[in-house]
Amino acid sequence: MACTLTALMERDTAVVVSVEQLNAFDLLVWLRTGERAAERLGCSQSTVSRAAAQVANIFGLELHRVGGEWSFSGDSHLLNCQREVHRQYRWQRHQPLRIEAQYCNGPLLLDPAPEGWICGGFDFLEIHSPLQLLRDGVIDAWLGVSPDVPDDDPDFAVVHLTRQPTLLTVPPGHPLLQRGSALSLQDLQAFPSLALPDGAFPKMEAHLKAAGLWSGPSRAPRYQVSKWEGLALEQFMVGYATAYTLKLFPLPNAVLPLDVGLMVGDALVVRQDDQAQPRVAALVELLHQRALALQAEMPALEVLL
């Protein structure tokens, strides 16, 4: 059955929640803390909690809080039908739209937040959660990092904005630095290199594994400097960087004189049926201008549009 308001009303029991109620539920699930959700909605955490509990009760779902983060379980089909109605309402009635990004590009390209958009936490350390949020209509756009974006998925439209080389880094005093210009990729295999759990960024993972990297896993569920770049410093691992991360997180590391052959880039992902929206075009233009401003201080950054 199509996920429209008419389809919902044709069921034996109409399941309809208010814009405010579903906003509270979805922002709690997306941002995972009541504090973040309340900040974005301009209300109290108790208001968010009450509204989210009402939505969960209406749709027969269970809210869970594990490790300080909220999630839910249960059959979400009817919930997603309701989300689709509200998603269309946001686009058609010029309501605030929602965008998530990665830890490395969100702070540079989405701060300050574009007019008319609500930004996420920029702390997902995998691609699957933001893509599912976009597919379910919880968020309206995702600023991902290529090559791990859904170019071949017919449900999504992808706009590639930039590209830049992946750099290899090590802490000061690392034995690899003693090799100088004689350093080779084979030398790196004697040392652990940072990795995320299997499948977090599958295309990047495959490329780096083929180069003998991605061998020392980090189990951090969310991005924190200390549990990603900082882990490499602590354990003398080989880490990864771009011009972005060197600017954002100026930890005491050294860039190795090696080309690992992995180009990464910023790519805006939206639902296929939203790609022609004027607000998407305006967002692409803003991101393009912000990328051009960054290019002035990051010569390795290539702006594609």
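This is a dialogue on reading a predicted model of one protein chain.

Biologist: Where do I start, and how many helices and strands does the protein chain have?

Modeller: Start with the overall tally. The model is predicted, and its chain has 12 helices and 14 strands. Of its 305 residues, 49% count as buried.

Biologist: What share of the contacts in the chain, at a separation of 6 or more, comes from residues 24 or more positions apart?

Modeller: Such pairs account for 68% of those contacts.

Biologist: And what does the chain expose, and which atoms supply 53% of that area?

Modeller: About 14,000 Å² is exposed, and carbon and sulfur atoms supply 53% of it.

Biologist: Now a single helix. Which residues of helix α3 are buried?

Modeller: First the general idea. An α-helix has 3.6 residues a turn, so residues three or four places apart point the same way. In this structure, helix α3 covers residues 34-41, and Gly 34, Ala 37 and Ala 38 are buried in it. Viewed along the axis of α3, these buried residues lie within an arc of 95°, so they line one face of the helix.

Biologist: Which exposed residues does the face of α3 turned away from the buried side carry?

Modeller: That face carries Glu 35 and Glu 39, both exposed.

Biologist: What covers the buried residues of α3?

Modeller: The cover includes helix α2 (19-31), helix α4 (45-58) and strand β2 (69-73).

Biologist: Which residue follows α3, and what is its phi?

Modeller: Gly 42 follows α3, and its phi is positive, near 70°.

Biologist: Next, strands. How many bridges join β8 to β11, and how do the two run?

Modeller: Look for the bridges between two strands, then for the direction of each strand. Strand β8 (residues 167-170) and strand β11 (residues 239-241) run antiparallel and are joined by three bridges. Within this pairing, Thr 169 has Gly 239 of β11 as its bridge partner.

Biologist: What joins β8 to strand β12?

Modeller: Two bridges do, and β8 and β12 (residues 254-255) are again antiparallel. Here Val 170 stands opposite Ala 254 of β12.

Biologist: Last, cysteines. How many disulfides are there?

Modeller: A disulfide is a covalent bond between the sulfur atoms of two cysteines. To count one, the two sulfur atoms must be within 2.5 Å. By this rule the model has zero disulfides.

Biologist: Are Cys 81 and Cys 104 buried or exposed?

Modeller: The cut-off for buried is under 20% relative accessible area. Cys 81 has 4%, so it counts as buried. Cys 104 has 13%, so it is buried too.

Terms used
Residues are numbered from 1 along each chain as its sequence is written. This is a predicted model: local features need pLDDT of at least 70, side-chain atom pairs count only at pLDDT 80 or more; totals for chains, interfaces and linings use all residues. Side-chain values use heavy atoms; hydrogens and water are left out. Buried means under 20% relative accessible area, exposed over 50%, partly exposed in between (1.4 Å probe, protein chains only). Two strands pair if DSSP finds at least two bridges between them. Helices (H or I, at least four residues) and strands (E, at least two) are DSSP runs, numbered from the N terminus. The arc is that of the directions from the helix axis to the C-beta atoms. Contact means heavy atoms within 4.5 Å. Accessible areas come from the Shrake-Rupley method with a 1.4 Å probe; for residues, only the protein chains shown count as cover.
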